[in-house]
Amino acid sequence: MAGYTITEEEAVTLTTEYRSNHTEQTRAFKIDKAEIDEIFAEHPTAMGVRAYLGQKPNAGALQMVMVATDAEGNDILDVFYDHTTPCPEECDTGSVLNNGN
């Protein structure tokens, strides 16, 4: 995992800064392991996942649209995924990343 992690302090700083600048916005998305597993099962040669922010029509809730990516970082546009749950809607209210405490 070397190179892919940040400290808790960095994570709290980043999420606190975001919340202070986007007080009424979606704070996070919960992504089920099963969805990630499905993406890689459907695309066994994929090297990553890209997540795009979208919005339901007429200024509805934010959604996350995910696609597999190839070795060059290009989107694989044959299957699209969105079974994420936005926060607020489903949040960990006790998380320091959600409330800064």
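This is a short talk on the fold of one protein chain, its sheet, its disulfide and its largest pocket.

Okay, hi everyone. Before anything else, keep in mind that what you see is a predicted model. I'll start with the overall layout and then zoom in.

So, the chain has 101 residues, and 25% of them count as buried. In secondary structure we get 3 helices and 5 strands. If you walk along the sequence, the order is α-β-α-β-β-β-β-α. The C-alpha trace spans about 40 × 40 × 20 Å along its principal axes. And on contacts: taking those with a separation of 6 or more, 46% come from residues 24 or more positions apart.

Now the sheet. Which strands form it, and in what order? It's an open sheet of 3 strands, β2-β3-β4, with antiparallel pairing. The edges are β2, residues 48-55, and β4, residues 75-81; each has a single partner strand, so each is left with one side that has no neighbour in the sheet. On average, neighbouring strands here are turned by 35 degrees against each other, if you ignore direction.

Let's take the two pairings in turn. Between β2 and β3, which run antiparallel, there are 8 bridges. If you want a spot to look at, find Gln-55, which stands opposite Leu-62 in β3. The hairpin of β2 and β3 has 6 residues between the strands, and in that hairpin Asn-58 takes a positive phi near 60 degrees.

On the other side, β3, which covers residues 62-69, pairs with β4 in the antiparallel sense over 3 bridges. Here you can pick out Ala-68, whose bridge partner in β4 is Ile-76.

While we're on β4, have a look at Leu-77, which sits in that strand. Is Leu-77 buried or exposed? Its relative accessibility is 57%, and the cut-off for exposed is over 50%, so Leu-77 counts as exposed. For a sense of distance, Leu-77 and Asn-58 are 19 residues apart along the chain, and their C-alpha atoms are separated by 25 Å.

What lies across this sheet? That would be helix α2, residues 33-42, which lies across β2, β3 and β4 and runs at about 135 degrees to β4.

Right, next region: the stretch around Cys-87. The count of disulfides comes to 1. That one is formed by Cys-87 and Cys-91, with the sulfur atoms 1.9 Å apart. The link is right-handed, with 110 degrees about the S-S bond. The two ends sit in unlike surroundings: Cys-87 is buried, at a relative accessible area of 4%, whereas Cys-91 counts as partly exposed at 31%.

Straight after Cys-87 there's something to check in your viewer. The peptide bond joining Cys-87 and Pro-88 is cis, with omega about 10 degrees. Pro-88 itself lies in the loop between β5 and α3. Glu-89 is in the loop between β5 and α3 as well, and its phi is near 160 degrees, a positive value in a residue other than glycine. At a relative accessible area of 65%, Glu-89 is exposed.

Who packs against this region? One residue to look at is Thr-26, from the loop between α1, residues 8-21, and β1, residues 28-30. Leaving aside neighbours within four places in sequence, Thr-26 is in contact with Tyr-18, Leu-62, Pro-86, Cys-87 and Pro-88. So that's Leu-62, the residue Gln-55 stands opposite, together with both partners of the cis peptide bond, Cys-87 and Pro-88. And why do we call Thr-26 buried? Because its relative accessibility is 14%, and buried means under 20%.

Last stop, the largest pocket. How much space lies in it? About 270 Å³. There are 15 residues lining it, and the closest to its centre are Arg-27, Ala-28, Cys-87, Leu-97 and Asn-98. In terms of elements, α1, β1, β5 (85-87) and α3 (96-99) each supply at least two residues of the lining.

So if you take one residue away from this, I'd take Cys-87. Cys-87 is in the disulfide with Cys-91, Cys-87 is joined to Pro-88 by a cis peptide bond, Cys-87 is in contact with Thr-26, and Cys-87 is among the residues closest to the centre of the largest pocket.

That's it from me, thanks.

Methods
Residues numbered from 1 in each chain as written. Predicted model: local features only at pLDDT ≥ 70, side-chain atom pairs only at ≥ 80, totals over all residues. Heavy atoms only, no water. Helix = DSSP H or I, 4+ residues; strand = E, 2+ residues; numbered from the N terminus. Buried < 20%, exposed > 50% of the residue type's maximum accessible area, 1.4 Å probe, protein only. Contact = heavy atoms within 4.5 Å. Pairing = 2+ DSSP bridges. Axes fitted to C-alpha atoms, helices over the stretch in contact; angles between N-to-C directions. Disulfide = S-S within 2.5 Å. 1 Å grid on protein atoms, 1.4 Å probe; cavity = no way out; pocket = protein on both sides within 12 Å on 5 of 7 lines; lining within 4 Å. Points joined across faces, edges and corners; volume = space filled by probe spheres on them.
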